[in-house]
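Me: I have a protein model open and would like to understand the words people use for its parts. Could you go through them with me?

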Amino acid sequence: MKTFVPFILSLCLLCACNSKTGKPSDSTSTCTGYAELISFEESDNFTLVTIQNPWKPGAILQRYALIDRKAPSTPRIDGVTVLRVPLQKVLVYSSVHAGIIGELNDGSYSSIAGVCDAQYFNIDTISKAVANGSIADCGKSEAPSLEKIIELQPDAIILSPFMNAGYGALATIGVPIIECADYMEASPLGRAEWVKFFGLLFGKASQADSIFNSVEQHYTLLRDMAAKVEHRPKVITETVLNGIWYVPGGKSYMAQILADAGAYYPWADNNDAGSLQLDFTKVFDIAHDAEFWLVKGFGQPVTRKSITDIYELNSHFDAFKNGGIYACDTQLTSFFTDFPFHPDMLLEEYISIFHPSLLPGYNRRYFYRIEQ
């Protein structure tokens, strides 16, 4: 179901704005085509962005009023965070969001003044800028340096929200927090469509539309191609760590992209959009006969030995026995930076693994096969 801003809520917000800017002569409620967690309402005075709470159906996570930076006055709207756009200086918590900011700005990251968790940014330009101090390293995301952030004075902080997680003292320093719940979308194109939000934030709406339209066309072409396959191999992802195996919920965009790639995902009937926390036995009982096993690592080669070192019984999976393991080193590839806003690239990669005859000559970007 597409999201929308309820009429009564819209009327109240516009009336509240009227006390300072005058009632807009025209306003339009706009739903997105795929995204279920975000919607936009355009008026003469501002764009109202409503983000649904992915963990509480029917509840609102955040509302933002995007107002032209050059506008002479700022409306007062109860319960809504006002953002002057285009944003010129931001603190970013994720390389995913940094990547799309750079893409919208033709490879420039000049609007990114600081980052958290700098060690996980595998964008060379940002890594070099952090190293030379032109982009501030504001510490870890779970305990950022408030002193550095206050000194930085960013227009906003862009981060991913988590269920029941607050921001502590970060929420008291007067810097707007933009909660991007894109990762909780149920479909790959739904998450990719959040590029339109970033386009509005950075004054690049037309570029954002162009990016999304290209992604949508390519993704649809690939999905339709894979839909014709007769055999859908069973696929599992990740591995057990510290006794817990995190697998994508059946309503997650990752489960959807596996299905669109012509695979059978064992937890497809599950109704969770996030991750499931399972133990080894539960995964093995359902997926021991999986033909393919997709494993990601960071900075360390994934090998048959490393997989059994994690847990000896991993060797009992059919994919382990039959050479069906494919690994990705997320430190050496742009996996996490690319796929959220370019799911067509990951879909193409998966199709090349599960149904190589559909994409002859394709060179994989992210995954390599672990030889027996």
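**Contacts, pockets and helices**

Reply: Gladly! Leaving aside residues up to four places away in sequence, T330 touches N122, K296, G297, F298, F335 and F336. Keep in mind that this is a predicted model.

Me: Where is T330 found?

Reply: T330 sits in the loop between β18 (325-329) and α12 (335-338).

Me: And why is T330 called buried?

Reply: Buried means under 20% relative accessible area. T330 has a relative accessible area of 7%, so T330 is buried.

Me: Thanks! Now the helices: what makes α7 and α8 oblique to each other?

Reply: The axes of α7 (residues 205-226) and α8 cross at roughly 55° and come within 8 Å. Angles under 35 degrees count as roughly parallel, and 65 to 115 as roughly perpendicular. The crossing angle of roughly 55° belongs to neither class, and α7 and α8 are therefore oblique.

Me: Which residues make that contact?

Reply: On the α7 side they are Y219, R223 and A226, and on the α8 side Q256, I257 and D260. By class, this contact has three nonpolar, one polar and two charged residues.

Me: Let's turn to empty space. What lines the largest pocket?

Reply: The largest pocket is lined by 45 residues, and F162, Y183, R191, Y253 and F336 lie nearest its centre. Its volume is about 1,700 Å³. At least two lining residues each come from α2 (95-104), β15 (244-248), α8 (253-260) and β17 (292-297). The lining divides into 26 nonpolar, 14 polar and five charged residues.

Me: How about the second largest pocket: what is its volume, and which residues are closest to its centre?

Reply: The second largest pocket has a volume of about 590 Å³. It is lined by 23 residues, and N53, P54, W55, M184 and A273 are the closest to its centre. Eleven nonpolar, seven polar and five charged residues make up this lining.

Me: How many cavities of 30 Å³ or more does the structure hold, and what makes a space a cavity and not a pocket?

Reply: The structure holds one cavity of 30 Å³ or more. In a cavity, a 1.4 Å probe fits but cannot get out, whereas a pocket is open. About 40 Å³ of space lies in the largest cavity, and the residues lining the largest cavity are T237, E238, M254, L294, K296, Y350 and F367. They divide into four nonpolar, one polar and two charged.

Key. Residues are numbered from 1 along each chain as its sequence is written. This is a predicted model: local features need pLDDT of at least 70, side-chain atom pairs count only at pLDDT 80 or more; totals for chains, interfaces and linings use all residues. Side-chain values use heavy atoms; hydrogens and water are left out. On a 1 Å grid over the protein atoms alone, a cavity is a set of points where a 1.4 Å probe fits but cannot get out, and a pocket is an open set with protein on both sides within 12 Å along at least five of seven lines; lining residues have an atom within 4 Å of a point. Grid points are joined across faces, edges and corners, and a volume is the space filled by probe spheres set on the points. Helices (H or I, at least four residues) and strands (E, at least two) are DSSP runs, numbered from the N terminus. Ala, Val, Leu, Ile, Met, Phe, Trp, Tyr, Cys and Pro count as nonpolar, Asp, Glu, Lys and Arg as charged, and the others, Gly among them, as polar. Axes are lines fitted to C-alpha atoms, for helices over the stretch in contact, and angles run from 0 to 180 degrees between N-to-C directions. Angles under 35 degrees count as roughly parallel, over 145 as roughly antiparallel, 65 to 115 as roughly perpendicular and the rest as oblique. Contact means heavy atoms within 4.5 Å. Buried means under 20% relative accessible area, exposed over 50%, partly exposed in between (1.4 Å probe, protein chains only).
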